[in-house]
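Welcome, and thanks for opening the viewer. Please load the model in cartoon view and keep the selection panel handy, as we will go from stop to stop together.

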Amino acid sequence: MNGLRKGSKDLIKEINRSIVINLIRKSGRISRSDVSKITKMSLSTITYIVDELMTIDLVREVGVATSTGGRRPVLLEFNADYGYTVGVKIEEKRVIFALTNLNAEILDLVEKKFNRFDNIQDVVSMIADEIKELLQSADKPMKQLLGIGIAASGLINRQEGTIVRSSMLGWENVPLCQLLSEQLNNIPVFIDKNVNAYTMAELWYGEGRELSNFVCISVGAGLGMSLVVDKKIYYGESGGSW
């Protein structure tokens, strides 16, 4: 029972930490007291979490807000350059790579031609090499690469990080996330269907920011559709999209 209580306490701590990080990131600049009011966490809890985040430089103090009476509140800001991510889009004849900071601002964008009939391991090695080169060109150390996101066509198993079947690529049961992570010091790698990745971008940064429910349709080499319900992508019973 002690182990279960400890596990639950640690989980709640991680959830609270994640909520605070995302709120500060989305807000731009916000005070501790406003974080407390919005999250409904006590000010002492917020102060403890923020102090931890400031220690690792994920959150910074950036001046004070206008006073409404009394002491002016100190503003917090998310450090978008704490680390970096790479987005990878696998198309029929090319792979597009985007290096971004933690606010999804694109720092560099490159593409690499490839033959979809190449050996899959060779394609994975090419992707890993291009990611390393992208970081090197931008003078960013590998240790600051926090994750990689892949968008690909076909039926995708997000939980297992596998391309179950892609008729465009001619791939079946490819554990792409595992194969790529193994070549990049076990950095976390995530994958989703390309139209879902596009829909997520619209939901967070594009036309979908002010909408709770919408449909996103992609027309290209194939036809894809993704449905957002209550600000969440609807994956359906099988975990895919249309």
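What percentage of the 242 residues in the protein do buried residues make up? The figure is 37%. Bear in mind throughout that this is a predicted model.

**The whole chain**

Start with everything shown. You should be able to find six helices and 14 strands. Turn the C-alpha trace along its principal axes, and the spans are about 65 × 45 × 40 Å. If you switch on contacts with a separation of 6 or more, 48% of them join residues 24 or more positions apart.

**Helices 2 and 3**

Now select residues 32-39, which form helix 2, and residues 43-55, which form helix 3. Their axes come within 9 Å and cross at roughly 120 degrees. How should we describe a pair like that? Angles of 65 to 115 degrees count as roughly perpendicular and those over 145 as roughly antiparallel, so helix 2 and helix 3 are oblique to each other. Their crossing is right-handed. Show side chains to see who makes the contact: helix 2 supplies Arg 32, Ser 33, Val 35, Ser 36 and Thr 39, while helix 3 supplies Leu 43, Ile 46, Thr 47, Val 50, Asp 51 and Met 54. Colour this set by residue type and you get five nonpolar, four polar and two charged residues.

**Helix 4 and Ile 131**

Next, select residues 120-137, helix 4, and pick out Ile 131 within this helix. Is Ile 131 buried or exposed? Its relative accessible area is 0%, so Ile 131 is buried. Show what surrounds this side chain: apart from residues up to four places away in sequence, Ile 131 touches Val 86, Val 88, Phe 97, Leu 145, Ile 148, Leu 180 and Leu 184.

**Helix 5**

Leu 180 takes us to helix 5, residues 176-183, where this leucine is one of the buried residues. Select the others too: Leu 176, Cys 177, Leu 179 and Ser 181. What do the buried residues of helix 5 pack against? Their partners are helix 4 along with strand 4 (84-90), strand 7, strand 9 (162-166), strand 10 (171-174) and strand 11 (189-193). Just after the helix, click on Asn 185 and check the backbone: phi is positive here, about 60 degrees.

**Ile 187**

Carry on into the loop between helix 5 and strand 11, where you will meet Ile 187. Although it sits in a loop, Ile 187 counts as buried because its relative accessibility is 7%, and the cut-off for buried is under 20%. Beyond its neighbours up to four places away in sequence, Ile 187 touches Met 142, Leu 145, Leu 146, Gly 147, Ile 148 and Ser 181. Draw a C-alpha to C-alpha distance from Ile 187 to Met 142: the two are 45 residues apart in sequence and 9.5 Å apart in space.

**Ser 153**

For the last stop, select Ser 153 in the loop between strand 7 (145-152) and strand 8 (155-157). With a relative accessible area of 11%, Ser 153 is buried as well. Which side chain does the side chain of Ser 153 meet in a polar contact? The partner is Ser 166, at 2.9 Å. Leaving aside neighbours within four places in sequence, the contacts of Ser 153 are Ile 163, Arg 165, Ser 166, Met 168, Leu 169 and Asn 194. Before you finish, draw one more C-alpha to C-alpha line, from Ser 166 back to Ile 131: these residues are 35 apart in sequence and 23 Å apart in space.

Definitions and conventions
Residues numbered from 1 in each chain as written. Predicted model: local features only at pLDDT ≥ 70, side-chain atom pairs only at ≥ 80, totals over all residues. Heavy atoms only, no water. Helix = DSSP H or I, 4+ residues; strand = E, 2+ residues; numbered from the N terminus. Buried < 20%, exposed > 50% of the residue type's maximum accessible area, 1.4 Å probe, protein only. Polar contact = N/O pair within 3.5 Å; in protein donor to acceptor, adjacent residues only side chain to side chain. Contact = heavy atoms within 4.5 Å. Axes fitted to C-alpha atoms, helices over the stretch in contact; angles between N-to-C directions. Parallel < 35°, antiparallel > 145°, perpendicular 65-115°, else oblique. Left-handed = near helix turned anticlockwise from the far one by under 90°. Nonpolar A, V, L, I, M, F, W, Y, C, P; charged D, E, K, R; others polar.
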